[in-house]
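Colleague: Could you take me through one part of this model closely? I would like to look at the place where the two domains of a chain meet, and then at how the copies are arranged.

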There are 2 protein chains.
Amino acid sequence: MTAKFDFTLHKTDGAARRGTMHTLHGDIRTPAFMPVGTVGTVKALYLEQVKEAGADIILGNVYHLMLRPGAERVARLGGLHKFIGWDGPILTDSGGFQVMSLSQIRKITEEGATFQSHIDGTKHHLSPERSMEIQRLLGSTIHMQLDECIAFPHERKDAERAMQLSLRWAKRSREAFGDQPGRGCFGIVQGGTDAGLREESAKGLQQISFHGYAIGGLAVGEGQDLMLSTLDVTLPHLPLDQPRYLMGVGTPEDILESVARGVDMLDCVMPTRSGRHGQAFTSFGRLNLRNAIHAEDLRPLDASIDHPALNSYSRAYLHHLVRSGEILGMMLMSWANIAYYQHLMQGIRQAIDEGRFEAFRSETRARWAAGELPSAT
Amino acid sequence: MTAKFDFTLHKTDGAARRGTMHTLHGDIRTPAFMPVGTVGTVKALYLEQVKEAGADIILGNVYHLMLRPGAERVARLGGLHKFIGWDGPILTDSGGFQVMSLSQIRKITEEGATFQSHIDGTKHHLSPERSMEIQRLLGSTIHMQLDECIAFPHERKDAERAMQLSLRWAKRSREAFGDQPGRGCFGIVQGGTDAGLREESAKGLQQISFHGYAIGGLAVGEGQDLMLSTLDVTLPHLPLDQPRYLMGVGTPEDILESVARGVDMLDCVMPTRSGRHGQAFTSFGRLNLRNAIHAEDLRPLDASIDHPALNSYSRAYLHHLVRSGEILGMMLMSWANIAYYQHLMQGIRQAIDEGRFEAFRSETRARWAAGELPSAT
């Protein structure tokens, strides 16, 4: 274990990048998809399954964990790693996004955000300093600055105001983080879909100096085209030798296109949330296991992938479990989706290593578009 | 694999019995606790975990499976074993109990039971012949006769009428079962809590001749004393050389007392259902993980038992998961309870093998009663 937090860029292939992040809690192979462990569990999965599927790092949410069980409590229990039983890297978001999306009543001032818990209505406060303190109490590997997220659509002037506030919070967050060997602190680029604001945000963050840069405020309903065009006008303003993290993204298609533009890290609840609702991601596109077409289909979800969640349970059984609302259905579908996402990331990393990312990208897209070949049975 | 269904009684210790049931799908060590896989899943568990915890046999429910996915469909898919991925013995109940407890409108005639599905209100029919046909379509290892279950409390005349009908259905069930090498058919003793009716039922079933005898109509609210006293007046009328199965029982205390009276097999949803609601069974009694007392307790559920579900997750984490309504909480608690139940059965079997069942029984009861020693931490 190194006590230094750094990023090694091994290879680029077009704009796509292959790297390794070194942290106190181990290495992260990039491009990396980070499963989301909101309240200290990647929903319906054992963490051993998450690790074994190929995930090097998982996410925890400050907003959820500060409300329950509470950051001080987690610290007393030895930190988040010990609490949940995960010894690899953990990235914690700062709470900014959930204050916007989940809390019932919120007030944003220069000092910070005051909001009511979505669980019990109790009042809470989150400043840049408190968010960083919470992340330190949790023992997170990668700390995110507190930012103000705004809903989409929005006026340019609102995006600008929130971006400027986020920049000032970035400075306070970075100072509060201080120097924690082997751990990193990331700034978050905001600015809505406006190229000028994104550039200003990216440059302002670099003046503060972070260990990595996230692109926030996307995947909030703007659609893939606008998301990718915003990436296109943002990424050129970020340093080449540091990791870039696209927050809250996304579908396998989104991941492929984002990596093609130079994104190194992504996270999303989609594989687990969709899994709990019966949707599977496969190498030939999506399957809705609620659909009656699967009721007597003995094929597994995706026989082409050597993973038990994908190649050993029949669609007929999964259909039955999903239709019956059984917990095992949610377990198997979530597991299959995490496995597929990690399989995709492994394919992406290998393709970049071998200098054939463009071919991988077009082949993968073509397989998704073509759908499944007719069954031989 | 033998194609013969039989029961070997290895040893008795007082009234407690140690045996092995040989079936087409493998051996069952008795006394056996059978986890319940109602709709084709032992709720919130992987079947590998059920097997690894020590269960030789699981249960499936005719009532649930006939409604969804349907017996003919399961047969087309290769049978229940293949459908759910379990190659050991499966016992299927006949549907009688659920017709009483779950269906919305039901009519019992000499011919059979007509009822409305609790899922979608559709009308269904279950005769002794149809129940046995369904169990054959499912490919069950142990088939149960169709019986009429009545609620508790009840009048003696109602218990007598239902017992006599169940006897006539027993004859029709046994004939419909016919001869299926390696599989068995069990009769079910009814008669409420009346000693005379129980004796008449037990003797009537033996005239028909089954591979084993179940005691039904208990654990329906009569309380442990009445349940055990009913066992006391029933078991002496059952053959010593065949297995006795007490249906739907129960708590660890119920299991210990039933085995002490000569019961060989039991099943109950309690370990999984209680687990989903945050209750754990341990060698020192029960724990309610919802209770705030566990919030900062780093001890596992039961460090004295060498099983990952019991000795590797902290109560603090389980408390957090249970309070948060997380699926992983249900998974871990159900797993722990199944592991504890199987641990108890293993202890029971070993104690009988070694001729010290009475000591085991009193020690186990004393540990449950004493509760947990104060923590050293």
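Modeller: Happy to! Let's begin with the two domains of chain A: the centres of domain 1 of chain A and domain 2 of chain A, taken over C-alpha atoms, are 27 Å apart. Please keep in mind that this is a predicted model. To find the domains in your view, look for residues 6-268 of chain A, assigned to domain 1, and residues 275-366, assigned to domain 2.

Now to the place where they touch. On one side, 23 residues of domain 1 of chain A make contact, and they do so with 23 residues of domain 2 of chain A. The domain 1 side that touches domain 2 in chain A draws two or more residues from each of these elements of chain A: the strands S1 (6-13), S2 (16-23) and S4 (32-35), and the helices H1 (47-53) and H10 (252-260). Of these, H10(A) gives the most to that side, with five residues. As for chemistry, the residues on the domain 1 side of this contact in chain A comprise 15 nonpolar, three polar and five charged.

Let's step back to the two copies. A turn of 180 degrees with a shift of 0.0 Å along the axis lays chain B on chain A, with an RMSD of 0.0 Å. This is the relation of a two-fold axis. If you want a landmark, find Ile327(B): its C-alpha is the one in chain B nearest the axis, 3.8 Å from it. The copies meet through the same surface, because 100% of the interface residues of chain B are also interface residues in chain A.

Key. Residues are numbered from 1 along each chain as its sequence is written. Chains are lettered from A and ligands numbered from 1 in the order in which they are written. This is a predicted model: local features need pLDDT of at least 70, side-chain atom pairs count only at pLDDT 80 or more; totals for chains, interfaces and linings use all residues. Copies are superposed by least squares on the C-alpha atoms of residues with pLDDT of at least 70 in both. Two residues are in contact if their C-beta atoms, placed from the backbone, lie within 7 Å. Domain bounds come from an automatic or database domain assignment. Helices (H or I, at least four residues) and strands (E, at least two) are DSSP runs, numbered from the N terminus. Ala, Val, Leu, Ile, Met, Phe, Trp, Tyr, Cys and Pro count as nonpolar, Asp, Glu, Lys and Arg as charged, and the others, Gly among them, as polar.
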